[in-house]
Amino acid sequence: MMQQTEMIEKAKRAIEALNPGGPFNIMEVCGSHTMAISKFGLRQLLPKNIRLISGPGCPVCVTAQNEIDSVVELANRNVVIATFGDLIRVPGSKSSLQLERAAGKEVKVFYSPLDALKYAEGNPSKEVVFIGIGFETTVPTVAVTIKEAKEKNIKNYSVYCLHKTMPEALRALLEGGSNVQGFLLPGHVSAITGSKIYEFIPKEFGVGGVISGFEAMDILMSIIMLLKNYKNPAIEIQYKRVVRKEGNLEAQKIIEEIFEPCDSTWRGLGEIKGSGLKIRDKYKDFDAALKFDIRPIGEEIEIKGCRCGDVLKGNIYPNECPLFGRVCTPENPAGPCMVSSEGSCAAFYKYGA
């Protein structure tokens with residue numbers, strides 16, 4: 001414990017020595033970083049001009065409301081909805097998967113899409129639709145299920161693909177005039193993608209980024225790396241024990257085989273070209289959007305008073321939303337940032353502002 005405390009104090013002194021003096025906003029774009037920063041109280045360790053702000057790093061949070069409405073509508077079509085746990089509580093405009101399950105619809109939580117495929121194989125009379133959300137971290141396992149379903153001719157399994165990819169969202173943020181001087185880039189995503197996908201950030205926008213681990217010292221060291229290079233921004237890897245520059249080539253290969261890029265709507269950010277994934281024609285029999293003619297229902301309508309969009313863009317801290325901790329709590333969430341275990345509002349609520 002003493003050694004850890006001494007290391008943190010040493011890191012604080014290094015940050016103070018490198019402090020540029022003016023505003024230096026560091027955006028993390030990973031839900032696990034968001035939770036770690038709040039859990040370890042890292043904002044309180046930094047000089048006031050160095051701010052840690054949350055971006056669109058939680059896949060549940062950035063899933064558009066009209067996409068949630070489409071999933072809720074699908075639950076009413078005599079199919080089994082298979083999903084990760086956080087998604088069932090995200091409110092749509094009129095309902096949620098949790099409410100539909102309470103009303104008797106078949107909504108099942110699985111920890112892995114492979115478990116959902118196994119369930120479909122064991123229940124051939126039921127149509128099982130897995131709701132594919134998440135960034136590049138979760139995409140490979142979903143791709144594996146689609147390939148295996150085709151190989152085994154499991155016709156009652158399909159995927160409603162709501163997957164999103166990170167690079168174009170970062171581009172959209174920067175093109176929108178986001179006041180960010182550095183990015184804490186996602187460790188888990190980058191273990192799959194490698195670091196090359198971020199190289200446009202310093203080249204085109206003059207902003208640096210560091211792929212960081214998730215311990216307190218990982219994040220503090222990443223901040224030091226950003227400060228050291230703020231005049232000559234670059235993309236660096238702090239999380240070298242997991243992330244390689246080229247990433248996981250086998251995972252990239254299976255993603256490329258099953259999916260292709262498409263435009264996607266992000267909650268709070270709108271439609272971002274090339275930021276989503278869709279299932280390739282070769283595997284179209286397992287594309288639930290085609291199989292059940294699923295389309296996002298209506299326009300994106302934000303909940304009155306909810307500022308999840310501004311939180312996801314890093315414009316405000318969660319506790320600056322008028323609903324935070326009053327109308328909106330983890331037990332009664334108004335928006336997705338309070339629902340997800342990786343949401344920035346949930347992190348602020350749990351660990352304090």
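Select first P59, G134, T137, T138 and E342: of the 22 residues that line the second largest pocket, these lie nearest its centre. A pocket here is an open set of points on a 1 Å grid over the protein atoms alone, where a 1.4 Å probe fits, with protein on both sides within 12 Å along at least five of seven lines; lining residues have an atom within 4 Å of a point. The model is predicted, so local features need pLDDT of at least 70 and side-chain atom pairs count only at pLDDT 80 or more, while totals for chains, interfaces and linings use all residues. Residues are numbered from 1 along each chain as its sequence is written, and side-chain values use heavy atoms, with hydrogens and water left out.

The second largest pocket holds about 440 Å³ of space, a volume being the space filled by probe spheres set on the points. Its lining comprises ten nonpolar, ten polar and two charged residues. Colour next α2 (31-39), α3 (59-62) and α9 (187-193), each of which supplies at least two residues of that lining. Helices (H or I, at least four residues) and strands (E, at least two) are DSSP runs, numbered from the N terminus.

Remain with α2, where eight of the nine residues are buried, that is, under 20% relative accessible area; exposed means over 50%, and partly exposed lies in between (1.4 Å probe, protein chains only). The buried residues to select are G31, S32, H33, T34, M35, A36, I37 and S38. Show their surroundings, and the packing partners include β1 (24-28), β2 (50-54) and β7 (182-185), together with the helices α9, α11 (216-228) and α16 (344-351). After α2 comes G41, with a positive phi near 65°.

Proceed to the interior by selecting Y157, L170, F183 and F259, which touch the most other members of the largest nonpolar core, a set of 95 residues. Such a core consists of buried Ala, Val, Leu, Ile, Met, Phe, Trp, Tyr and Cys residues joined through side-chain atoms within 4.5 Å. Helix α7 (residues 139-152) gives the most to this core, namely five residues. A separate second core of 22 residues has A11, I26, A36 and L184 among its members.

Which residues surround F259, leaving aside its neighbours within four places in sequence? Its contacts (heavy atoms within 4.5 Å) are V139, V142, A143, I146, C161, H163, L277, K278, I279 and R280.

The last stop concerns charged side chains. The model has 17 salt bridges, each defined as a side-chain nitrogen of Lys or Arg within 4 Å of a carboxyl oxygen of Asp or Glu. Select E168 and R171, whose side chains meet in a salt bridge at 3.2 Å, N to O. The two lie three residues apart in helix α8 (residues 167-175) and are therefore separated by about one helical turn. E168 counts as partly exposed because its relative accessibility is 26%, whereas R171, at 18%, counts as buried.

R171 also forms a salt bridge with E204, the closest N and O atoms being 2.6 Å apart. This pair links distant parts of the chain, joining helix α8 to helix α10 (residues 200-205) across 33 residues. E204 is partly exposed at 47% relative accessibility.

Turn then to K273 and D263, a salt bridge at 3.7 Å, N to O. K273 belongs to strand β11 (residues 270-279) and D263 to strand β10 (residues 259-266), ten residues apart. K273 counts as exposed at 60% relative accessibility, while D263 is partly exposed at 39%. Finally, select E121, E148 and K152, which are linked in a network of salt bridges.

Notes: Ala, Val, Leu, Ile, Met, Phe, Trp, Tyr, Cys and Pro count as nonpolar, Asp, Glu, Lys and Arg as charged, and the others, Gly among them, as polar.
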